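Here are my notes on the model, set out as numbered points. They cover helix packing, the sheet and how the elements meet.

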Amino acid sequence: MDIKKFNYSGEGLSRFFGPLEAKILELLWEGEELSIKEVQQRLEAEKKVNFNTVMTVMKRLVDKGVLQRRTKGRTSFFKPIQSRDEFFEAQSKKLTENLLDEFGGVVITHMLDSLTDVDEKLMDQLEQKLKQLKKDKT
């Protein structure tokens, strides 16, 4: 799945999706396959939302390749294609690749500069990754 927009000022899912899309995904990542009506009912615990609006947004998420749909009788059930962790892993990888393609090595320099308060475990992981990359090139 290739998310086309990235909101730098957003946080979490709001970097990739609108507010209702993000709320729907969060509900579905709780683990259950849900119908549009079930999603609408859960959303309405916070704020009134129209069934047709929920249906449109969920169909849009299917078109974006984020949700999959299964039909049983006349009811459609939806679930995410990826787990929350898998989604963020894939998107962060794609974002990093795009930044490297566009800005080259300066991106790596900025990433390393931002590691001033990083824990030792992450530094060790980075060192091991660099050693492995060097080893693979020889």
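At what angle do helix H1 and helix H2 pack, and how far apart are their axes?

1. The model is a predicted one. In it, H1 (residues 19–28) packs against H2 (residues 36–43) at about 105°, and the two axes are 11 Å apart. Because angles of 65 to 115 degrees count as roughly perpendicular, H1 is roughly perpendicular to H2.

2. On the H1 side, the contact is made by Leu20, Lys23, Ile24, Leu27 and Leu28; H2 supplies Val39, Arg42 and Leu43. By class, these residues of the contact of H1 with H2 are six nonpolar and two charged, with no polar residue.

3. Ile36, Val39, Gln40 and Leu43 are the buried residues of H2. They lie on the same side of H2, because the arc they cover around the axis is only 100°. The cover over the buried residues of H2 includes H1, strand E1 (34–35), helix H3 (51–63) and strand E3 (75–80). Val39 and Leu43 thus appear both among the buried residues of H2 and in the contact of H2 with H1.

4. The sheet is open and has three strands in the order E1-E3-E2, with antiparallel pairing. E1 and E2 are the edge strands, each pairing on one side only.

5. Strand E2 (residues 67–72) runs antiparallel to E3 and is joined to E3 by six bridges. Within this pairing, Gln68 is opposite Lys79 of E3. The hairpin of E2 and E3 has two residues between the strands, and Gly73 there has a positive phi near 65°.

6. On the other side of the sheet order, E1 and E3 are also antiparallel, joined by two bridges. Leu34 faces Phe78 in E3 as its opposite residue.

7. Which strands does H3 lie across? H3 lies across E1, E2 and E3, and runs at about 115° to E2. H3 is also one of the elements that cover the buried residues of H2.

8. Further along the chain, helix H4 (residues 84–103) and helix H5 (residues 105–113) pack at about 125°, with their axes 6 Å apart. That angle makes H4 oblique to H5. The contact brings Thr96, Leu99, Leu100 and Phe103 of H4 to Gly105, Val106, Val107, Ile108 and Met111 of H5. The contact of H4 with H5 has seven nonpolar and two polar residues, and no charged ones.

How values were computed:
Residues numbered from 1 in each chain as written. Predicted model: local features only at pLDDT ≥ 70, side-chain atom pairs only at ≥ 80, totals over all residues. Heavy atoms only, no water. Axes fitted to C-alpha atoms, helices over the stretch in contact; angles between N-to-C directions. Helix = DSSP H or I, 4+ residues; strand = E, 2+ residues; numbered from the N terminus. Parallel < 35°, antiparallel > 145°, perpendicular 65-115°, else oblique. Contact = heavy atoms within 4.5 Å. Nonpolar A, V, L, I, M, F, W, Y, C, P; charged D, E, K, R; others polar. Buried < 20%, exposed > 50% of the residue type's maximum accessible area, 1.4 Å probe, protein only. Arc of directions from axis to C-beta. Pairing = 2+ DSSP bridges.
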